[in-house]
Amino acid sequence: MQIVTFTAETMLNRAVRIKSRLWLTIAMLTGLFVITPGEKALEQLVSFLVLFPAVLLLTNWNNSHSRNGILALTTRGDGNKKVRIAEWVLPALAGIIISSIAVFAVSAPPPWQFWVVSPLTATSFSLVFLIIEQHLKYPGRTILSLMWLFQLTGSEQTGGIANLLLFTGYPSAVLVADPASVAIHPDSYVMASLVVVFLTTTGYAFLQRRNP
């Protein structure tokens, strides 16, 4: 447990010290409110808060001196495994907590689907971003950025398969989805988020076994 706590503290302290993270935060928030249609801005902000801790904490973390130093100190036993657990659990947990507070500014009370979709999306995105940083750094960042920007335009709210492909928008989608409409039912996002988290955890576990 000490290794997990130490890794989490190191990740947080590192993210706070790097000035570029402040500018990244400002740029992403500015883009969110400029691109997003006004009536969708608060819902998209909730989705943003689910995702952003992973971006803040995991960007350039994989090859950082901080991570390499921790791994060098934990070569015995299951220390390395605990470090790898902490580096995706912390961003996911932060996204869950922050978005769970912010959602009450949008919907009070939120639909029950949000309480399922939000933690699953935070976990999936944390794992996806971690995989990307380790294996597909720049192409992966580009794809995720384009996905997020497309999501902000509100295009995914028009219905169809695009809604389910843009998993980064699940938390905002369930907040605006109408169970009585002919569009995708909010329960569909619950099922989709379960599928996504299964695929991401399976992919992450496979890559860890392949590249221990």
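Which helix does Ile101 lie in? Select Ile101 and you will find yourself in helix H5. Before moving on, keep in mind that this is a predicted model.

**Stop 1: along helix H5**

Stay with Ile101 for a moment. This residue is exposed, with a relative accessible area of 61%. Now add Ile85, Val89, Leu93, Ile97 and Ile98 to the selection: together with Ile101 they make a nonpolar surface patch of about 510 Å². Show these side chains as sticks or as a coloured surface, whichever you prefer. Keep Ile85 highlighted, since this member of the patch also lines the second largest pocket.

**Stop 2: the second largest pocket**

Select Lys81, Arg84, Ile85, Trp88, Leu127, Thr201, Tyr204, Ala205, Gln208 and Arg209, and you have the lining of the second largest pocket. Two elements give two or more residues to this lining: helix H5 (79–102) and helix H10 (186–210). Of these, H10 gives the most, with five residues. Colour the lining by class and you should see five nonpolar, two polar and three charged residues. The volume of this pocket is about 230 Å³.

**Stop 3: a salt bridge from H5 to H4**

Next, select Glu87 and Arg67. Their side chains form a salt bridge, and the closest N and O atoms are 2.9 Å apart. Glu87 belongs to helix H5 and Arg67 to helix H4 (residues 65–73), so this pair, 20 residues apart, links distant parts of the chain. Are the two partners buried or exposed? Glu87 counts as buried because its relative accessibility is 0%, under the 20% limit. Arg67 is buried as well, with a relative accessible area of 6%.

**Stop 4: the other salt bridge**

How many salt bridges does the model have? The count comes to two, and Arg141 with Glu133 is one of them. Select this pair and check the distance: the closest N and O atoms are 2.8 Å apart. Glu133, at 5% relative accessibility, counts as buried.

**Stop 5: the largest pocket**

Now for the largest pocket, which has a volume of about 380 Å³. Its lining holds 18 residues; start by selecting Leu24, Met28, Val55, Phe129 and Ser145, which lie nearest the centre. Then display the helices around them. Helix H2 (19–35), helix H3 (41–58), helix H6 (112–135) and helix H7 (137–152) each supply at least two residues of the lining. Which helix provides the largest share? That is H2, with six residues. Seen by class, the lining of this pocket has 12 nonpolar, four polar and two charged residues.

**Stop 6: two loops to zoom in on**

Go to the loop between H5 and H6, where Pro109 is found. Display the backbone here: the peptide bond from Ala108 to Pro109 is cis, with omega near 0 degrees.

Then move to the loop between H3 and H4 and select Asn60. What is notable about the phi of Asn60? The angle is near 60 degrees, a positive value in a residue other than glycine. Asn60 counts as partly exposed, at 32% relative accessibility.

**Stop 7: pairs far apart in sequence**

For the last stop, draw some C-alpha to C-alpha distances.

- Begin with Ser172, which is found in helix H9 (residues 170–176). At 1% relative accessibility, Ser172 counts as buried. Select Glu43 too: the two residues are 129 positions apart along the chain, yet their C-alpha atoms are separated by 4.8 Å.
- Continue to Ile132 in helix H6, a buried residue with a relative accessible area of 9%. Its partner for this step is Thr59, 73 residues away in sequence and 9.8 Å away in space, C-alpha to C-alpha.
- Finish with Val46, whose place is in helix H3. Val46 counts as buried at 1% relative accessibility. A line drawn from Val46 to Thr168 spans 11 Å between C-alpha atoms, while the two residues are 122 apart in sequence.

Key: Residues are numbered from 1 along each chain as its sequence is written. This is a predicted model: local features need pLDDT of at least 70, side-chain atom pairs count only at pLDDT 80 or more; totals for chains, interfaces and linings use all residues. Side-chain values use heavy atoms; hydrogens and water are left out. On a 1 Å grid over the protein atoms alone, a cavity is a set of points where a 1.4 Å probe fits but cannot get out, and a pocket is an open set with protein on both sides within 12 Å along at least five of seven lines; lining residues have an atom within 4 Å of a point. Grid points are joined across faces, edges and corners, and a volume is the space filled by probe spheres set on the points. Helices (H or I, at least four residues) and strands (E, at least two) are DSSP runs, numbered from the N terminus. Ala, Val, Leu, Ile, Met, Phe, Trp, Tyr, Cys and Pro count as nonpolar, Asp, Glu, Lys and Arg as charged, and the others, Gly among them, as polar. A salt bridge is a side-chain nitrogen of Lys or Arg within 4 Å of a carboxyl oxygen of Asp or Glu. Buried means under 20% relative accessible area, exposed over 50%, partly exposed in between (1.4 Å probe, protein chains only). Patches are made of residues with over 30% relative accessible area and no salt bridge: like charges are joined within 9 Å, nonpolar side chains (Val, Leu, Ile, Met, Phe, Trp, Tyr) within 5 Å. Accessible areas come from the Shrake-Rupley method with a 1.4 Å probe; for residues, only the protein chains shown count as cover.
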